[in-house]
Amino acid sequence: MVTDKPQTVGRFAPSPTGPLHLGSLVAALGSYLIAKHAGGLWLLRMEDLDLPRVVPGIADDMLATLEKLGFQWDGEVLYQSRRTEHYRAAAEQLQRCGIAYACGCTRSEIAQIASAPHEDGLVYPGLCRDGLPPEKVERALRVKVYDEVISFDDGIMGRYSQHLTASCGDFVIHRADGPYAYHLAVVVDDAASGVNQVVRGSDLLASTPRQIYLQRIFGFPMPSYFHLPLVTGPDGTKLSKRDNAVSLAAGRDLEREGGSLLFAALRFLGQAPPPELRNAAPSELLEWGSVHLDLLAIPRTPAPFVYP
């Protein structure tokens, strides 16, 4: 029996902790083009869970900036700050299943015993895995991981594998004094929105196996993943968000330079827009990119953003 392939649903999910910058512009463009090239939808989500870090007005500025750059999203914008009950319900489900447990360890206690660091900190040694000691108070909720390797094929970076026990150990999904963790929220939101294509920066590649692990536990389908190369400074160092803002709030004249920014972003992603589009309207560049996208041309390595 032949069944229709489900429609592609991609998304762009910035954190409104500062103005849109070159790195987030590349992520927005890459996610838009890959979704639209497949004839799919492109959703927009504000990952504003960490409210103390959210800058007032930045979410609205991001939306206005994206509109000036020609982006049009499908459906309403989703705000994570309005979805806390969904994350709480997911965390409680994990607790009922015996997969999540209360942890009372401080960072210093973990540091004294942890065998090795990983991308987000230290590998948790499982001190509270068999029950919260009576002298401890709950500081976080952790998810148990087991002796297995999570592997997936990234559409840009290729095959990626991670042994969760060795790489991170039981990981946090909620801190008692803070928001629900990114790993839990993104998995819940993608499933709720029907997202089946995740395109983002390669700085999040190493966190993907934890999200796939949670998807398996919940019985959610795994999206296809595409991790884009990061934008660096001219000397190859980490890009400064403050010095590379592209938003209206940062004083960018997007009426004048929006097209040239997108032209440069297309070239950063390995695409070859014709020279006559160098000063074209943003909408024209987005249309060209959606039609002519060459996935195989997207580079894997970080690089500076070069203006035309």
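Hi everyone, let's start with helix H3, whose buried residues (under 20% relative accessible area with a 1.4 Å probe, protein chains only) are Tyr87, Ala90, Ala91 and Leu94. Those four span an arc of only 95 degrees around the axis, taken from the directions from the helix axis to the C-beta atoms, so they sit on the same side of H3. Turn to the other side of H3 and you find Glu85 and Arg96 exposed, meaning over 50% relative accessible area.

A word on where this comes from: the model is predicted, with local features needing pLDDT of at least 70 and side-chain atom pairs counting only at pLDDT 80 or more, while totals for chains, interfaces and linings use all residues. Residues are numbered from 1 along each chain as its sequence is written, and side-chain values use heavy atoms, leaving out hydrogens and water.

Back to H3, a DSSP run (helices are H or I with at least four residues, strands are E with at least two, numbered from the N terminus). H3 covers residues 84-96, and its first and last C-alpha atoms are 18 Å apart, close to the 18 Å expected at 1.5 Å times one less than its number of residues. What covers its buried residues includes strands E4, E7 and E10, plus helices H6 and H7. Just after H3, Gly98 has a positive phi of about 80 degrees.

Now, how enclosed is strand E12? Four of its five residues, 224-228, are buried, so E12 is largely enclosed by the rest of the structure. Five bridges join E11 to E12, and the two run parallel (DSSP pairing needs at least two bridges). Across that pairing, Val198 stands opposite Tyr225.

Note on methods. Contact means heavy atoms within 4.5 Å.
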